[in-house]
Amino acid sequence: MFATRASRRRGVAFALLIAASLLLLGLSRTPPMRELERGLGFAFAPIQGAISGLTRGVTSVFDAIAEIDRLRRDNQQLQARSDALEVENRRLAEIRVQNEQLTRLLEVRSSLDYETVAAEVIGRQVSQYERMVTLDKGTDHGIAEGDVVVAGGAALVGQVVEAGANYSRILLISDTRSTVIGLVEASRATGEVRGQLGGALVMANIPSTDEVAIDDTVVTAGIDLGNGIRSPFPKGLVVGRVVDVQRDPNAVVQAAFVLPAAPLDKLEYLLVITDYEGGLPIVPPSDDPGAGPGASPTFTIAPDEGPIVLPSPTSEEAP
C-alpha cells in the first residue's frame, strides 16, 4: 500500500513538472517574459563580464607564469653561452699575447750569433733587497751559471746566478748587486749601469765631456771593468733608454737614469744565451815580456768576438 502511495506521489510530481515546463515554455514567448529575460540579462551582464574578465585574467596569469619560466630558461641558456664565449675569448686573447711574445723571441734568436734556450718565468722574488726571477729550465737544457738572459727586442734582462736540473734563477739588472757596462749609442759614452730599488737604473761614472741626452739608447758595451775579466754580457744588447741626466759642472763624471727596455716586472718568456764565454780571464801569449819563470801572468782585454788564447810554455817549462 505504501509503495502504491509513493508511486502515485512521484507520478503526480512528474506530471506537475511537465505541466509547469509546458506553461513556462508557453509563457516565454509572451512579450512580458521576453522583457523579463532582457531585464535579467541586463542586470546580470556586469556580473557575467566580471566573471569572464576574471577567467581571462586567471588564464593570463598562468600564461604569464609559463612565459616567465620559458624566458628564465632561455636566459640561463644564453648566459651559459655568454660565459663560455667569454672564457674562450680570454683564452684566445692569452694565446695571442703568448704568440706575440714568442714571435719576438724567435726574431731575437734569429738575430743573435749565439745558441739560446727559450724558457718560461715560473717564479718571482721581488723585495726591497732583491730582484730575481726563476725559469722552468736548467742544466738539463744546457743552462749554466753566468749565462746571459734577454727578452724580446734583444733587451737585456739579467744573468743566471743559480742553475738546477730543471730550473734556473736570474739576477735582474734592476737588482742592486747588478752592474753592466753600458754604451750610449749616440755619443759612444760608457758608464756603469747599476740596479736600484726603483723604476730606473743608474748609469754612473760617465765622463763629463761626453754628451748624454734624454731618450738616448743605452746598450751593453761588451768591455770589462778591469783586471782582465772579459765582459759577462755580449756587446749590443739593449739595456734601456735615458730618461734623465744629472750633471755637475765641477765634477769629472756625470750620471744618467735609464729606463729598462725589458718589462722587468712583467716577464713571462725569456731567452738564455748558453754559449757566450764571458767573464773569463784572457791570458797573454808566451812572448809577453812580463812572462817568465815564476812570473805572475798579467791579464789584458780581448774583444768579445775573439778566441780565448791559452799560454804557451816558456823555454824552461817546455819538455
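Is Asp215 buried, partly exposed or exposed? At 48% relative accessibility, Asp215 counts as partly exposed. The cut-offs are these: buried means under 20% relative accessible area, exposed means over 50%, and partly exposed lies in between, with a 1.4 Å probe and protein chains only.

Some ground rules. This is a predicted model, where local features need pLDDT of at least 70 and side-chain atom pairs count only at pLDDT 80 or more, while totals for chains, interfaces and linings use all residues. Residues are numbered from 1 along each chain as its sequence is written, and side-chain values use heavy atoms, with hydrogens and water left out.

Now the overall layout. The protein chain has two helices and 12 strands. Helices here are DSSP runs of H or I with at least four residues, strands are runs of E with at least two, and both are numbered from the N terminus. From the N terminus, the order is α-α-β-β-β-β-β-β-β-β-β-β-β-β. The chain counts 319 residues, and 28% of them are buried.

Contacts next. A contact means heavy atoms within 4.5 Å. Take the contacts with a separation of 6 or more: residues 24 or more positions apart account for 59% of those. On the surface side, the chain exposes about 20,000 Å², and carbon and sulfur atoms supply 58% of that. Accessible areas come from the Shrake-Rupley method with a 1.4 Å probe, and for residues only the protein chains shown count as cover.

On to the core. A nonpolar core is a set of buried Ala, Val, Leu, Ile, Met, Phe, Trp, Tyr and Cys residues joined through side-chain atoms within 4.5 Å. The largest one has 46 residues, and Val157 and Leu267 touch the most other members. S12 gives the largest share of this core, five residues. What does Leu267 contact, leaving aside neighbours within four places in sequence? The list is Val121, Arg124, Ala151, Val157, Leu172 and Ala262.

Back to helix H2. This helix covers residues 31-111, and Ile65 sits in it. Ile65 joins Val61 and Phe62 in a nonpolar surface patch of about 320 Å². Patches are made of residues with over 30% relative accessible area and no salt bridge; like charges are joined within 9 Å, and nonpolar side chains (Val, Leu, Ile, Met, Phe, Trp, Tyr) within 5 Å.

Salt bridges. The definition is a side-chain nitrogen of Lys or Arg within 4 Å of a carboxyl oxygen of Asp or Glu. The structure holds 10 of them. One joins Asp74 and Arg70, at 3.0 Å from N to O. Those two are four residues apart in helix H2, so about one helical turn separates them. Asp74 is partly exposed at 28%, and Arg70 is partly exposed at 35%.

A second bridge pairs Arg177 with Glu130, 3.8 Å from N to O. This pair links distant parts of the chain, 47 residues apart: Arg177 is in the loop between strands S5 (168-172) and S6 (179-184), and Glu130 is in the loop between S1 and strand S2 (131-135). Glu130 is partly exposed, at 23%. A third bridge is Glu192 with Arg194, the closest N and O atoms being 2.4 Å apart. Arg194 is partly exposed, at 35%. There is also a network: salt bridges that share partners join Glu67, Arg70 and Asp74.

How many aromatic pairs does the structure hold? One. Tyr114 and Tyr276 meet edge-to-face, 5.7 Å centre to centre, with 90° between the planes. Tyr114 lies in the loop between H2 and strand S1 (116-126), Tyr276 in the segment after strand S12 (269-273), and 162 residues separate them. Rings of Phe, Tyr and Trp (its six-membered ring) pair if their centres lie within 6.5 Å; planes under 30 degrees apart count as stacked, over 60 as edge-to-face, the rest as tilted. Tyr114 is partly exposed at 26%, whereas Tyr276 is buried at 9%.

Last stop, strand S8. It spans residues 201-207 and includes Pro207. Pro207 is partly exposed, at 30%. Not counting residues up to four places away in sequence, Pro207 touches Thr190, Val252, Val253 and Gln254. Asn205 lies in S8 too. Its phi is near 60°, a positive value in a residue other than glycine. And Asp215 again: this residue is in the loop between S8 and strand S9 (217-220), with a positive phi of about 80° although it is not a glycine.
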